Amino acid sequence: MPSLAISGALLLLGNSEGLPWTSSTWQDLTKVFGIPWHTEPDAAPDAPAPNVPSWSTAVAQSVKAYAQNLWAQPNIAAQAAYARRAYTDNDAQGRTTWNGWVSANWTARWKLNRIIDEVLMDVKCGPYDTLARFKVKKVFTLAPNALAFKLFGDDAYPDGDPTFLVPAVKSFIDHLLVNTWHRYRKALGREAKDITKKEASLGVQWEGDADSLAQLEERKKCIEAMLAAAQNDDSKSDEIAKLPKTLREALKKLATEQEIREIEQLVQAALENVQPDETTFELPEGDRIDFPWKEGVEDLGKLTEDELWAHLGLKEKVLPSFQKYTDPDAVIEPWTDEGEQWLNNPDSGREPLHARWHQLVGILRMLQRAFQGKAVLLMDGVGIGKTFQVIGFISCLAWFRIYFEAHKKFPGSFANLKWQGKDGNIPDLPFLVVCPVSLHHQWQREIERFLQRRTFDVLPYLQRLNKRRDWWTQVKAKSRQRPHRQIILATDTVSLLTIHSRNFLNADGVTRQFKTTAPWCF
């Protein structure tokens, strides 16, 4: 595909229902609150343009004429050639004005290069970190959706569907990433040359220091790999290729039957070594346990960390199915072969994954409320570990169910309780997590970060109701996990009707009832 400069790509995007200039997110970033070339019908030629005061009405009209002629070109190749014209033609003033205005504002005022770099780093698509760690030819695989949402918010998606981008937005983001990669390539090229010079100048000094030379050579090869990486060329079957990208990635990570059996054998072996704890715990009772309401856990405030583990019945002081280690930089993908190898390597820079005191308090309180059949609000500051607590709560409920099957009672302080006051075990139903569109990918990453691979399957539930008829056959049916080992990850935009009405569309186009008496909904 021919490459357009950022100014040309931005102008082409302007032919799509006013985007990006009508997007409130873009307006907040650029402080341009309308289409730049808009003019008032009766304005004098020298009157300032309403949305770009530095332009006169005549100049704004020349930019508009250039834009219309660019849009009229028959294909992207012709548009790219027309945008690059350097000689004088009828659109020379409009082209020069537009290119100069975008160039002057893109970095200095709008700070968009910095924003792009931050987004790529946030989704671990910065070329240096990703390729240096894994040496793969994938640079911007995860970037388009995250970058589009940062620049245009919900306007980037048709009908709020996070799986697809508006075609014009997708085209603009593609051109934007190509230009960004060229920017990176130049910088990395300079760095590669600099390393080569330093290697030559220090060769004598480092003579005999094989380790230092090997590290430098590895660094150089890594940068060369970055310069060569252009696109993801993975091949897929025709059937899988038709699925949305989010679903394809999730299906790749579903555990096989053999892997599930291995996990179950480990669980059963652990259960055989667990003796039911006969210790009786005296827990506060009554409807006003948390009143007067402050934090809602005042009665648990005096418990030590050891006592909290005892209440949970987890004598090993490890949350069930949780990873033992984590990547402090959140760069690796734990549910891949490379990620597992990295976590199992003691020299990789991994760090132990521990539950903190306040997180154990949150998990214990959520379990108490769940057994009572009552809802709970988990509220705390940013970065305190609310997602960790929710995932820990899910893993504990799954563990409690298996424990009950083996011992006919629940562990810890729940030994004398029944699930929600009924006689029996926690039902074998999946968990349902409902989150905003912008947090769907983050939830997926956090689940994979905290839970061991193959212990749970994550089943994305996306798109409009009439487009989800294949969900039962393409996603749900492919999971070999028992239902209580499945996490359905839906977004609020697709759940407003389906979750509240308990209706899920099956493969025959008929809505089926999906019990919301599942272990828990978030």
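This section describes the salt bridges, one buried aspartate and one helix of a predicted model.

The structure holds 12 salt bridges. In one of them, the side chains of D117 and R183 meet with an N to O distance of 3.0 Å. This pair links distant parts of the chain, as D117 lies in helix α6 (residues 112–122) and R183 in helix α9 (residues 167–202), 66 residues apart. D117 counts as partly exposed because its relative accessibility is 22%, and R183 likewise counts as partly exposed, at 27%.

A further salt bridge is formed between the side chains of D306 and K317, with 2.5 Å from N to O. Here too distant parts of the chain are linked: D306 belongs to helix α14 (residues 305–312), whereas K317 is found in the loop between α14 and β1 (325–326), and the two residues are 11 residues apart. With a relative accessibility of 47%, D306 is classed as partly exposed. The value for K317 is 42%, so this residue also counts as partly exposed.

The side chain of R482 is paired with D428 in a salt bridge whose closest N and O atoms are 3.9 Å apart. Both partners are located in loops: R482 in that between α19 (471–474) and β5 (486–491), and D428 in that between α17 (386–407) and β3 (431–435). The pair links distant parts of the chain, 54 residues apart. R482 is partly exposed at 30% relative accessibility, and D428 is partly exposed with a relative accessible area of 23%. In addition, D337, E340, R453 and R454 are joined into one network by salt bridges that share partners.

D457 presents another arrangement. This residue is placed in strand β4 (residues 457–461). D457 is buried but has no salt bridge. The nearest side chain of opposite charge is that of R480, at 7.8 Å; a salt bridge would require a side-chain nitrogen of Lys or Arg within 4 Å of a carboxyl oxygen, so R480 does not provide one. The side chain of D457 does, however, make a polar contact of 2.8 Å with the side chain of S479.

Among the helices, α5 (residues 92–106) comprises 15 residues. From its first C-alpha to its last, α5 reaches 21 Å, close to the 21 Å expected at 1.5 Å a residue. Buried residues in α5 include the tryptophans W98, W101 and W106. A92, G94, R95, T97, V102 and N105 of this helix are buried as well.

Technical notes:
Residues numbered from 1 in each chain as written. Predicted model: local features only at pLDDT ≥ 70, side-chain atom pairs only at ≥ 80, totals over all residues. Heavy atoms only, no water. Helix = DSSP H or I, 4+ residues; strand = E, 2+ residues; numbered from the N terminus. Buried < 20%, exposed > 50% of the residue type's maximum accessible area, 1.4 Å probe, protein only. Lys, Arg positive; Asp, Glu negative; His and termini not counted. Polar contact = N/O pair within 3.5 Å; in protein donor to acceptor, adjacent residues only side chain to side chain. Expected span 1.5 Å × (residues − 1).
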